[in-house]
Every structure is written in C-alpha cells, then in structure tokens.
Amino acid sequence: RDDDDINDVASMAGVNLNEESARIMAANSDLVGTQTQPCKDEPFLAAVPLHKRILETAKKLGITDVPAEVVTFISHATQNRLRTVIEKVTVITQHRMESYKDDEWYEQATDVRAQLKFFEQLERLEKQRKDEQEREILLKAAKSRSRQEDPEQARLKQKAKEMQQQELAQMRQRDANLTALAAIGPRKKRKLDTPGLLSTGGEGLGVSGGSQAGLGTASPRQYPRQKITRVNLRDFIFYMEQEREMSRSLLLYRALLK
C-alpha cells in the first residue's frame with residue numbers, strides 16, 4: 001500500500017476497495033453501456049370516449065375544460081381498481097374451491113350432501129309404498145265381479161287396466177333395450193394415449209414431433225393443462241358485501257335481486 005493509515009477503516013477490516021469495485025463491475029457488466037428510455041404511456045381505456053364522458057359530468061359541476069392528463073390519470077386509476085377487484089375476487093373463488101377433506105387438521109362435522117341423499121331416499125321409499133298401496137287397491141277393484149257397479153268402481157277398473165297396460169309397455173321396452181345392447185356387444189373404450197393415424201389411400205401416416213411426418217407411430221405431445229378459475233356471481237356478491245364502499249351500493253342490491 002502507498003499509505004498505511006490507522007484511520008483507514010476498510011484497510012483495518014481487510015477489505016480491498018479495488019477488488020470490490022472490480023467484482024461489482026463484473027456482476028453488472030451487462031448493464032454497462034446500455035441506454036434506458038421510458039416506454040410509451042398507453043391508457044387502459046379509449047381516450048376519446050372517456051374524455052367525452054368526463055366533460056359531460058364536469059359540465060354539470062360548472063367545469064368547462066378537462067386536460068388530457070386528467071383523462072390519462074382516470075384511465076390508470078380504472079385499470080388499477082379493476083386489477084384489485086379481480087385479484088380479490090380470484091382469492092375468494094380459490095378459497096371457495098379449496099377442499100379440506102384430506103387435511104389432517106380438519107374433521108368433518110356435517111355432510112349436507114349425505115343428508116340430502118337420505119331425505120331423497122326416504123321420499124323415494126314413501127312414494128314406492130304409496131304406489132304399492134294404490135296398485136293393490138286397483139288390482140282388488142279389477143278382480144271384483146260385482147254386478148251392480150258404482151261409477152267409482154268402474155273408474156278404478158279403468159285405471160287398473162291402464163296401469164297394467166303401462167307396466168306391459170315398460171316391460172316390452174326393457175326387453176327391447178336389453179336385446180339391442182346384446183346385439184351391439186360390449187362397448188370398447190377408445191384409447192386416448194395411442195397416436196392417431198391418418199389413412200390416405202390405404203397408407204398410414206404417423207405424425208412425429210415438429211413438422212416431420214413419416215410412416216410409423218409417433219409419440220403423443222403432452223400439453224400442460226391450464227388451470228382455469230371460474231368466478232360466479234356469488235363470489236362477486238361476497239366481495240361487495242366485504243367492501244365498505246360497495247356494501248350499501250345500488251349495484252349490490254341489483255346483484256342480490258338476480
């Protein structure tokens with residue numbers, strides 16, 4: 001060193017400033033000599049219709065001139081607001097779609113779907129019991145051979161006759177369906193993982209990766225499936241109920257009426 005000063009803190013700590021400068025320049029070598037310039041500020045909304053709409057609103061308040069910077073600012077504010085709304089509603093939708101069945105920290109307390117199935121089964125059994133009782137009454141009325149029949153007895157006989165004809169038609173339809181299925185044979189599932197072959201004039205053309213084509217088989221291309229988050233009206237209503245500015249708005253009441 002040219003001078004070994006005791007007040008040089010970098011030298012006392014064992015730091016070489018020349019080496020550190022060279023290392024910093026090497027790390028940012030791709031930025032050295034480059035020129036940066038601001039990109040063009042493109043508004044999110046169409047400037048002309050937006051300016052016209054702002055002027056119409058401003059004239060009601062006694063303002064006659066609205067500069068272009070105000071239009072650009074409102075356009076960016078609208079874009080930012082729309083981005084915030086979409087992000088929050090997307091988070092709400094993702095929370096709604098989460099499943100905690102396999103989570104070890106949660107246990108299922110109630111199963112509404114199983115309860116609905118149980119009630120549907122009860123209704124089905126009750127309907128079946130009533131149908132059986134009505135069928136027995138109709139069969140008894142059909143078997144009765146009393147000479148003096150009242151109109152109610154004749155109506156029951158006619159209804160029993162129609163019921164027997166309907167049951168006979170259902171049995172014939174069932175037998176016809178079973179015969180048709182037996183004639184068709186078992187259905188073969190189409191293999192999705194096998195490559196498709198295009199036949200032209202009795203020759204098979206197998207399409208390989210890229211733009212190459214030739215005879216033989218080709219491996220199928222695996223495309224990543226993009227996950228789509230679908231937002232419904234219920235999610236948006238929940239978002240508006242949580243927002244202080246929109247919890248009492250007319251838009252929320254209109255959405256609740258739909």
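**Exercise 1. Find the backbone atom that the side chain of threonine 90 reaches, and place threonine 90 in the structure.**

Solution. In this predicted model, the side chain of threonine 90 reaches the backbone oxygen of isoleucine 86 at a distance of 2.5 Å. The next step is to locate the residue, and threonine 90 is found in helix 4. Its relative accessibility is 22%, so threonine 90 counts as partly exposed, given that buried means under 20% and exposed means over 50%. Finally, looking along the chain, threonine 90 and valine 231 are 141 residues apart in sequence, while their C-alpha atoms are 7.0 Å apart in space.

**Exercise 2. Determine which residues of helix 3 are buried, and where they lie around the axis.**

Solution. Begin with the helix itself: helix 3 covers residues 47–60, and its 14 residues reach 20 Å from the first C-alpha to the last, close to the 20 Å expected at 1.5 Å a residue. The buried residues of helix 3 are Leu50, Ile54 and Ala58. Because these residues cover an arc of only 70° around the axis, they are on the same side of helix 3. This fits a general rule: an α-helix has 3.6 residues a turn, so residues three or four places apart point the same way. Turned away from the buried side is a face that carries the exposed residues Val48, Pro49, Lys52, Arg53, Lys59 and Lys60. As for the covering, helix 4 (68–97) is included in what covers the buried residues of helix 3. Just after helix 3, glycine 62 takes a positive phi of about 85°.

**Exercise 3. Work out which parts of the chain are tied together by the salt bridges of lysine 88 and arginine 96.**

Solution. The structure holds six salt bridges, including the one between lysine 88 and glutamate 243, in which the closest N and O atoms are 3.1 Å apart. Lysine 88 lies in helix 4 and glutamate 243 in the loop between helix 7 (233–242) and helix 8 (250–257), so this pair ties together parts that are 155 residues apart in sequence. Lysine 88 counts as partly exposed at 36% relative accessibility, whereas glutamate 243 counts as buried at 12%.

Arginine 96 forms a salt bridge with aspartate 235, with 2.8 Å between the closest N and O atoms. Since arginine 96 lies in helix 4 and aspartate 235 in helix 7, the pair ties together parts 139 residues apart in sequence. Here arginine 96 is partly exposed, with a relative accessible area of 35%, while aspartate 235 counts as buried at 3% relative accessibility.

Terms used: Residues numbered from 1 in each chain as written. Predicted model: local features only at pLDDT ≥ 70, side-chain atom pairs only at ≥ 80, totals over all residues. Heavy atoms only, no water. Helix = DSSP H or I, 4+ residues; strand = E, 2+ residues; numbered from the N terminus. Expected span 1.5 Å × (residues − 1). Buried < 20%, exposed > 50% of the residue type's maximum accessible area, 1.4 Å probe, protein only. Arc of directions from axis to C-beta. Contact = heavy atoms within 4.5 Å. Polar contact = N/O pair within 3.5 Å; in protein donor to acceptor, adjacent residues only side chain to side chain. Salt bridge = Lys/Arg side-chain N within 4 Å of Asp/Glu carboxyl O.
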